[in-house]
Amino acid sequence: MSTSASAPTSETCPCGSGLAHADCCGPILAGAPAPTAAALMRSRYTAYAKRDYRHLENSLSAEQRADFSLKDARDWAESAQWLGLDITATEAGGPEDQEGTVDFVARFSVNGEERKHVEKARFIREEGRWVYAGVVVPVAQPIRRESPKVGRNDPCPCGSGKKFKKCHGAA
């Protein structure tokens with residue numbers, strides 16, 4: 001008669017890497033430095049999923065930490081069911097870089113309603129460690145007309161044969 005012992009199962013990391021938590025975000029949440037900005041981003045998502053508020057605060061830049069609210073972080077983390085993280089792009093943020101950006105989509109649900117948080121996050125090094133430095137706000141680009149402007153007395157582009165001012169240009 002033989003008995004078979006089942007192999008221990010390892011918990012998959014919430015960040016979506018496919019790795020075991022102990023081999024992915026676990027060491028970073030325990031205090032190990034993140035090797036890249038993307039790794040820190042993954043660990044921050046995991047911290048929300050696992051309610052690790054200490055890591056959320058400690059992984060902020062000094063400027064961001066000044067505005068950190070433990071209550072707000074706790075309220076958001078505990079009101080949501082964390083469904084997954086997709087990193088859509090990275091720029092710099094490697095082991096030798098001093099700054100970088102990570103574009104990501106964090107999926108979660110609140111009261112059964114699925115939602116997405118889409119962000120381009122900025123990361124910098126402080127005292128040699130990657131920290132979250134805030135959201136990259138896109139610079140508005142002017143809209144440039146590709147075709148010539150239609151004058152009031154030009155024929156209407158719709159083909160009606162009327163002047164623009166008497167057709168689609170009428171106010």
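**Notebook: strands, core and pocket**

**Entry 1. The hairpin of S3 and S4**

I began with Glu126 and found that its bridge partner in S4 is Arg129. I note here that the model is predicted.

I then looked up the two strands themselves. Strand S3 covers residues 113-126, and it pairs with S4 in the antiparallel sense over 6 bridges. The hairpin of S3 and S4 has 2 residues between the strands.

Which residue of this hairpin takes a positive phi? I found that Glu127 does, with a value near 50 degrees. Glu127 is not a glycine, and I recorded the angle for that reason, because most residues other than glycine have a negative phi. Glu127 is found in the loop between S3 and S4. Its relative accessible area is 84%, so I entered Glu127 as exposed.

Is S4 largely enclosed or largely open? I counted 5 of its 7 residues as buried, so the strand is largely enclosed by the rest of the structure.

**Entry 2. Ile124 in S3**

I next selected Ile124, which lies in strand S3. Its relative accessibility is 17%; the limit for a buried residue is under 20%, so Ile124 counts as buried.

I listed the contacts of Ile124, leaving out residues up to four places away in sequence. They are Ser61, Gln98, Glu99, Arg129, Trp130, Val131 and Ala133. I also took the distance from Ile124 to Tyr48: the C-alpha atoms are 20 Å apart, and the two residues are 76 apart in sequence.

**Entry 3. The hairpin of S1 and S2**

I moved to strand S1 (80-92) and strand S2 (99-110). These two strands pair in the antiparallel sense over 11 bridges. Their hairpin has 6 residues between the strands, and Gly93 in the turn has a positive phi of about 80 degrees.

Where is Gly94 found? I placed Gly94 in the loop between S1 and S2. Is Gly94 buried or exposed? At 15% relative accessibility it is below the limit of 20%, so I entered Gly94 as buried.

Gly94 touches Pro35, Thr36, Arg125 and Trp130, not counting residues up to four places away in sequence. I checked one of these, Pro35, by its C-alpha distance to Gly94: the value is 7.3 Å, although the two residues are 59 apart along the chain.

**Entry 4. Trp82 and the nonpolar core**

I looked up the largest nonpolar core, which has 32 residues. Which members touch the most other members? They are Trp82 and Phe123. At least two residues each come from H1, H2, H3, helix H5 (70-79), S1, S2, S3 and S4. H2 gives the largest share of this core, 8 residues.

I then followed Trp82. In S2, the residue that stands opposite Trp82 is Phe108. Beyond its neighbours up to four places away in sequence, Trp82 touches Tyr45, Tyr48, Ala49, Arg51, Trp76, Ala77, Arg107 and Phe108.

One of these contacts, Arg51, I examined on its own. Arg51 is found in the loop between H2 and H3. It has a positive phi of about 60 degrees although it is not a glycine. I recorded Arg51 as partly exposed, because its relative accessible area is 32%.

**Entry 5. Thr46 in H2**

I turned to Thr46, which is found in helix H2 (residues 37-50). Its relative accessibility is 0%, so Thr46 counts as buried. Apart from neighbours within four places in sequence, Thr46 is in contact with Cys13, Pro14, Cys15, His21, Cys25 and Leu29.

**Entry 6. The largest pocket**

My last search was for empty space. Rolling a probe the size of a water molecule over the atoms shows where such space is left. The largest pocket has a volume of about 250 Å³.

How many residues line this pocket, and which lie nearest its centre? I found 18 lining residues, of which Asn58, Ser59, Arg129, Trp130 and Val131 lie nearest the centre. By class, the lining has 9 nonpolar, 4 polar and 5 charged residues. Helix H1 (26-29), helix H3 (53-58) and strand S4 (129-135) each supply at least two residues of it.

Here I returned to Arg129, with which I had begun as the bridge partner of Glu126. Arg129, Trp130 and Val131 are among the lining residues nearest the pocket centre, and these three are also among the contacts of Ile124. Trp130 is listed as well among the contacts of Gly94.

How values were computed: Residues numbered from 1 in each chain as written. Predicted model: local features only at pLDDT ≥ 70, side-chain atom pairs only at ≥ 80, totals over all residues. Heavy atoms only, no water. 1 Å grid on protein atoms, 1.4 Å probe; cavity = no way out; pocket = protein on both sides within 12 Å on 5 of 7 lines; lining within 4 Å. Points joined across faces, edges and corners; volume = space filled by probe spheres on them. Helix = DSSP H or I, 4+ residues; strand = E, 2+ residues; numbered from the N terminus. Nonpolar A, V, L, I, M, F, W, Y, C, P; charged D, E, K, R; others polar. Buried < 20%, exposed > 50% of the residue type's maximum accessible area, 1.4 Å probe, protein only. Contact = heavy atoms within 4.5 Å. Pairing = 2+ DSSP bridges. Core = buried A, V, L, I, M, F, W, Y, C linked by side-chain atoms within 4.5 Å.
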